[in-house]
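Student: Could you walk me through one part of this structure up close? I'd like to see how the strands pair up and what packs around them.

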Amino acid sequence: MEEKFNIISFLKKAVAMGASDEHLRVGHAPYIRKDGVIWKVNVPNLTEADLRDALAVIVPDILRDSIYSACDMDFLFEIRGCSRFRVNFSQQLAHPALVLRNIPYSIPTIEDLELPNAVKQFSKLNNGIVLVTGPTGCGKSSTLAAIIDIINAEYQKHIVTLEDPIEFVFANKRSIVSQRQIGFDTPDFPSGLKYVLRQDPDIILIGEIRDEETMVAALKAAETGHLVFATLHTNDAIQTINRIINMFEQSSRDIVRKQVAETLRGTIAQKLVYSAAKQKRFPACEIMVVTPTIQDYIVKDNFDEIYNCLKEGSYNEMMTLNASLMNLVKEGKLSESEACAVSEDENELVKMLKGAFTGTKNYYE
């Protein structure tokens, strides 16, 4: 007789293996993601009964009556002493399906994540908005958690997070941290942002900016003297600014450009790049710090010049993605081919690497 699928046992084994995600669907064996790659687990195909039994274990009581009438739903689940999980429930071909993201208990540091030290500078800001961007699964939430925890440890502030769902859980250190989950503690991001301004915050973390209404509220919060951190699904600084501007009607974009120029303090765009030799992934980051020159380019809609500022901005620790990839190659973390495979401008990176290993000072000539 086949052993019955046990969701708790499966998740414990997946965490022990170093998986970041688990995929469960009817008619297929479970899959896990490790180091960015999907792997099939050698167990029997899951049945509808397996998924329903799993849901009976992991769904919060408050959602039990509504889970099967929903097409999509997010919630959190915890195995004490093992891990927390961000769970997405969906329907596929009229059958339930689950994707779980593993969230460790410990909040990582900048050093743990092997991020550039330049990321720490954003924890010292007093106001404005900082955006961490990149594709799904690139570590945006971990980067934000590391920055927030620096503030929590070093400053006496009130930090309010709005998340869907809450991922990392912060303990108060020198700061007070209030965490609110969309759908449970507040109806949605715009509503949460409306009322958070009355809760005496210094720092506001928005899990994700998805629409114009949330962006308007985030910019307003930044304009009124708060420091706002948020994520966007964009690949670089220029694409991020374009995304913000394009959320609005054409008639209001000149005003929005001025608003963004005045409130945006910086962007961190990151990718996780797999190293075959090290058998792990390393973050490659584009870091933009908004200087008066970049503010002027944003207002004038002259985004092409912003990239030149990134290339020349070593004095305030700005860097392009290619510069970050080059550093990873020089440090022996990535091969040249691995770096080039994820570069947005492979020709430029090849020239930079050639210059780096032949002693040329100006990699961009």
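**Strands and their neighbours**

Tutor: Let's start with one pair of residues: Leu-24 stands opposite Leu-98 in β6. Bear in mind that we're looking at a predicted model. The strands behind that pair are β1 (residues 21-25) and β6 (residues 95-103), which are joined by five bridges and pair in the antiparallel sense. Zoom out a little and you'll find an open sheet of six strands, ordered β3-β2-β1-β6-β5-β4, with antiparallel pairing. Its edge strands are β3 (37-40) and β4 (72-79), each of which pairs on one side only. On average, and ignoring direction, neighbouring strands of this sheet are turned by 20 degrees against each other.

Now add a helix to the picture. Helix α2 (residues 48-58) lies across β1, β4, β5 (83-92) and β6, and α2 runs at about 45 degrees to β6.

Strands pair through backbone hydrogen bonds, and the pairing can be parallel or antiparallel. For the parallel kind, move along the chain to β10 (residues 203-206). Strand β8 (residues 158-163) runs parallel to β10, and four bridges join the two. Here Ile-159 stands opposite Ile-203 in β10. Strand β10 is also joined by four bridges to β11 (residues 227-232), and these two run parallel as well. In that pairing, Ile-206 stands opposite Ala-230 in β11. To get from β10 to β11 the chain passes through helix α6 (residues 212-223), and this β-α-β crossover is right-handed.

So what about the two faces of β10: are Ile-203, Leu-205, Ile-204 and Ile-206 buried or exposed? In a regular strand, side chains alternate between the two faces of the sheet. In β10, Ile-203 and Leu-205 are on one side, Ile-204 and Ile-206 are on the other, and all four are buried, so both faces of the strand are covered.

Finally, stay with α6 and look at its partner helix. Helix α5 (residues 189-196) packs with α6 at an angle of about 15 degrees, their axes 9 Å apart. Angles under 35 degrees count as roughly parallel, so that is what α5 is to α6. The crossing of these two helices, α5 and α6, is left-handed. If you want to pick out the contact in your viewer, look for Phe-189, Pro-190 and Leu-193 in α5, which meet Glu-213, Thr-214, Ala-217 and Ala-218 in α6.

Terms used
Residues numbered from 1 in each chain as written. Predicted model: local features only at pLDDT ≥ 70, side-chain atom pairs only at ≥ 80, totals over all residues. Heavy atoms only, no water. Buried < 20%, exposed > 50% of the residue type's maximum accessible area, 1.4 Å probe, protein only. Pairing = 2+ DSSP bridges. Right-handed = clockwise from strand over helix to strand, strands pointing away. Axes fitted to C-alpha atoms, helices over the stretch in contact; angles between N-to-C directions. Parallel < 35°, antiparallel > 145°, perpendicular 65-115°, else oblique. Left-handed = near helix turned anticlockwise from the far one by under 90°. Contact = heavy atoms within 4.5 Å.
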